[in-house]
Amino acid sequence: MNKTTITAFVAGLIFGLGLLLSQMANPEKVLAFLDLAGNWDPSLALVMVGAIAVGLPVFAWAKGRQQSLLGEALELPSSNAIDRPLVVGSLLFGAGWGLAGFCPGPAVVATGAGELKAVVFTVAMLAGMTAFRLFRRQAQPA
Amino acid sequence: MTIDWNAFTPWSALAGGALIGLATALLLVANGRIAGISGILGGLLARQPGETGWRLAFTLGLLGGPTLWLLFRDLPPIRIEAGLPVLVAAGLLVGIGTRYGSGCTSGHGVCGLSRLSPRSLVATLCFMGAGFVTVFVVRHLLGA
């Protein structure tokens with residue numbers, strides 16, 4: 001097994017622990033954060049603060065570099081477009097997030113915790129991703 | 001708006017967020033890749049040559065997080081109120097929306113904002129806004 005497989009696995013593990021500790025993986029907590037008009041729980045705003053505080057200097061370091069420390073091509077997103085797919089897609093995603101309280105990472109982590117309802121959500125999410133890919137391929141033949 | 005101070009958990013939220021940032025940093029510094037979960041899952045499904053190994057390893061790590069946690073203490077609560085039809089509809093929306101919009105809470109939210117990307121800021125405002133509106137409609141207009 002090469003080093004990059006191990007670092008990716010460890011990154012996934014740490015990511016999962018962070019989602020559990022912060023309670024991002026708890027839909028009840030997520031919905032309490034999204035419920036501005038109810039009894040609002042602002043906690044999860046601080047998850048973003050904590051993550052970005054660590055991320056900012058690291059992404060600043062990565063800017064302009066061509067290679068990772070393990071010699072992999074350093075691939076930062078190249079698109080700057082603020083277009084219809086970005087806006088419509090993000091709105092659809094937000095609606096789904098607000099309905100169930102799950103976004104992709106937490107759904108995978110809750111699946112790993114053995115929550116059957118999370119498995120249902122995750123399977124539907126993967127089906128949605130697949131449907132979108134097949135639809136796009138049909139709309140724009142490569 | 002009232003703030004539920006009893007439910008406020010600032011330190012675990014900050015610390016959990018820092019762990020997420022650390023994981024993101026590790027994947028970037030070691031693998032040169034963005035820790036965007038929807039992109040990783042979507043990429044796995046599309047089976048792009050040469051990109052499957054790390055994506056699979058990361059996903060297995062995510063799945064294994066709860067098991068590692070359980071070695072040290074009980075899992076924190078995971079309470080899912082939504083019924084099955086809502087879970088299916090929400091899952092489809094999240095799957096389609098994150099692929100169409102090229103990212104989710106991690107890719108646009110954590111990574112994009114850390115890169116100071118205006119594109120990701122717009123995406124984040126859109127999905128946060130849609131999340132707030134959806135919960136408002138479901139809880140306060142429909143009274144579910």
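In the predicted model, A:Asp35 is buried, its relative accessible area being 6%. This residue takes part in a salt bridge with B:Arg139, in which the closest N and O atoms are 3.1 Å apart. Because A:Asp35 belongs to the loop between α2 and β1 (39–40) of chain A and B:Arg139 to helix α6 of chain B, the pair joins two chains. In contrast to the buried A:Asp35, B:Arg139 is partly exposed, with a relative accessibility of 28%.

A search of the whole structure yields six salt bridges over all chains. Another of these contacts is formed by the side chains of A:Glu28 and B:Arg79, with an N to O distance of 2.7 Å. This pair also crosses between chains: A:Glu28 is located in helix α2 (residues 27–34) of chain A, and B:Arg79 in the loop between α3 and α4 (84–100) of chain B. The relative accessible area of A:Glu28 is 29%, so this residue counts as partly exposed. B:Arg79 is likewise partly exposed, at 46%.

A further salt bridge connects A:Glu75 and B:Arg33, whose closest N and O atoms lie 3.5 Å apart. Here the two chains are joined through loops, since A:Glu75 is found between α3 and α4 (84–100) of chain A, and B:Arg33 between α1 (10–31) and α2 of chain B. The acidic partner, A:Glu75, is partly exposed, with a relative accessible area of 39%. B:Arg33, at 8% relative accessibility, falls below the 20% limit and is therefore buried. The contact between A:Glu75 and B:Arg33 is part of a network of salt bridges that also includes B:Glu51.

Pockets were examined next. The largest pocket holds about 810 Å³ of space. Its lining comprises 34 residues, and those nearest the centre are A:Pro77, B:Gly39, B:Arg55, B:Arg99 and B:Ser102. Two or more lining residues come from each of several helices, namely α6 (116–139) of chain A and, in chain B, α2 (37–46), α3 (52–70), α5 (105–114) and α6 (118–141). The greatest contribution to this lining is that of α2(B), which supplies seven residues. In terms of residue class, the lining of the largest pocket consists of 15 polar, 10 nonpolar and nine charged residues.

The second largest pocket contains about 240 Å³ of space. Among the 20 residues of its lining, A:Met24, A:Leu44, A:Val47, A:Met48 and B:Thr105 are the closest to the centre. The elements that provide two or more residues to this lining are α1 (3–22), α3 (45–62) and α5 (104–112) of chain A, together with α5 of chain B. Of these elements, α3(A) gives the most, with four residues. The lining of the second largest pocket is made up of 17 nonpolar and three polar residues, and no charged residue is present. The lining of the largest pocket, by contrast, includes nine charged residues.

Terms used: Residues numbered from 1 in each chain as written. Chains lettered and ligands numbered in written order. Predicted model: local features only at pLDDT ≥ 70, side-chain atom pairs only at ≥ 80, totals over all residues. Heavy atoms only, no water. 1 Å grid on protein atoms, 1.4 Å probe; cavity = no way out; pocket = protein on both sides within 12 Å on 5 of 7 lines; lining within 4 Å. Points joined across faces, edges and corners; volume = space filled by probe spheres on them. Nonpolar A, V, L, I, M, F, W, Y, C, P; charged D, E, K, R; others polar. Salt bridge = Lys/Arg side-chain N within 4 Å of Asp/Glu carboxyl O. Buried < 20%, exposed > 50% of the residue type's maximum accessible area, 1.4 Å probe, protein only.
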